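Reader: I am new to this structure and would like a close look at a single part, with the way it is held in its surroundings explained step by step. Please define each term when it comes up.

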Amino acid sequence: MIIYKEISKLNKKFPLLNEEKILLGTDGSVTNILEILFEDVCKVETINQKIVNNTNYREVILKVNETPLVYAISKTPFKNIEEENLREEIKKDLLSADIPIGKIIRKHNLETRREIKYIGIAELDDRLKSLLKTKHNKLPKRTYNIIYKNKILMEITEIFAIRDKLAD
């Protein structure tokens, strides 16, 4: 997948803000970009966390100043964490409910890469609209894997709700 071409194609169907293009295409920390854009600390509010088929499933909202900006689902297979012999404190943080992934990677100096698998538009149901406090029915979305030592450490899907907030 050639990221800028996918974003360009999407932009023709659903006009994107420059900030949304950056968030959709980054292979770096979304947390860091949000903190730069909104000039404050990004916090995680966990909506749901459970173990399904030996995978830690976490559903969160990333917020700055109590303003919801991103809805994210992460799936972390326990098998891949165990195979890599990660230190216990890293495993604990990766499975934690309240630490942004970008901050965990930075804190533990993990050499990872992000591999974007999908860029598109999410159709929001009433639950997501309420969680994100948005009036929009459609928002930019992406799915990517975080790769560590050539294995998928986790899969993350994000929906970006920054267009309301940038208009303020």
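Author: Confidence in the chain is lowest in helix α4 (residues 78-83), with a mean of 75, and highest in α7, at 97; the score here is pLDDT, the predictor's confidence in each residue on a scale from 0 to 100. Over the chain the average pLDDT is 90, and 96% of the residues score at least 70. This is a predicted model, in which local features need a pLDDT of at least 70 and side-chain atom pairs count only at pLDDT 80 or more, while totals for chains, interfaces and linings use all residues. Residues are numbered from 1 along each chain as its sequence is written, and side-chain values use heavy atoms, with hydrogens and water left out.

The part to look at is the sheet, together with the residues that join it to its surroundings. Helices (H or I, at least four residues) and strands (E, at least two) are DSSP runs, numbered from the N terminus, and two strands are taken to pair if DSSP finds at least two bridges between them. Strands of a sheet pair through backbone hydrogen bonds, either parallel or antiparallel. Here 6 strands make an open sheet with antiparallel pairing, and their order is β1-β2-β3-β6-β5-β4. At its edges lie β1 (42-52) and β4 (112-123), each of which pairs on one side only. From one strand to the next the twist averages 20 degrees, where axes are lines fitted to C-alpha atoms, for helices over the stretch in contact, and angles run from 0 to 180 degrees between N-to-C directions.

At one edge, β1 and strand β2 (residues 55-64) are joined in the antiparallel sense by 10 bridges, and V52 has T55 of β2 as its bridge partner. Helix α2 (residues 18-25) packs on the sheet and touches β4, β5 (138-148) and β6 (151-160), its direction making about 30 degrees with that of β5; contact in this account means heavy atoms within 4.5 Å.

A good place to see how this packing works in detail is R142, which lies in strand β5. R142 counts as buried because its relative accessible area is 0%, given that buried means under 20% relative accessible area, exposed over 50%, and partly exposed in between (1.4 Å probe, protein chains only). Leaving aside neighbours within four places in sequence, R142 is in contact with a set of residues that includes L23, L24, G25, V30, I116, Y118, I156 and F160. Its side chain also has a polar atom 3.4 Å from the backbone oxygen of L23 and one 3.2 Å from the backbone oxygen of L24. Both distances can be read against the rule for a polar contact, a pair of N or O atoms within 3.5 Å; within protein, one must be able to donate a hydrogen and the other to accept it, and residues adjacent in sequence count only if both atoms are side-chain atoms.

Charge enters the picture as well. Side chains of opposite charge can pair when their charged atoms come close. A salt bridge is a side-chain nitrogen of Lys or Arg within 4 Å of a carboxyl oxygen of Asp or Glu, and by this rule the count comes to 13. One of them is between R142 and E158, with N and O at 2.9 Å. That pair links distant parts of the chain, R142 being in strand β5 and E158 in strand β6, 16 residues apart, and both residues are buried.

Strand β2 has a link of this kind too: E59 forms a salt bridge with R127, and the closest N and O atoms are 2.7 Å apart. E59 sits in strand β2 and R127 in helix α7 (residues 126-132), 68 residues apart. E59 counts as buried because its relative accessibility is 4%, whereas R127, at 41%, counts as partly exposed.

Beyond the end of α7, K135 forms a salt bridge with D164, the closest N and O atoms being 3.6 Å apart. Since K135 lies in the loop between α7 and β5 and D164 in helix α8 (residues 163-167), the pair ties together parts that are 29 residues apart in sequence. K135 is exposed at 64% relative accessibility, while D164 is buried with a relative accessible area of 14%. Finally, R113, E115 and K117 are linked in a network of salt bridges.
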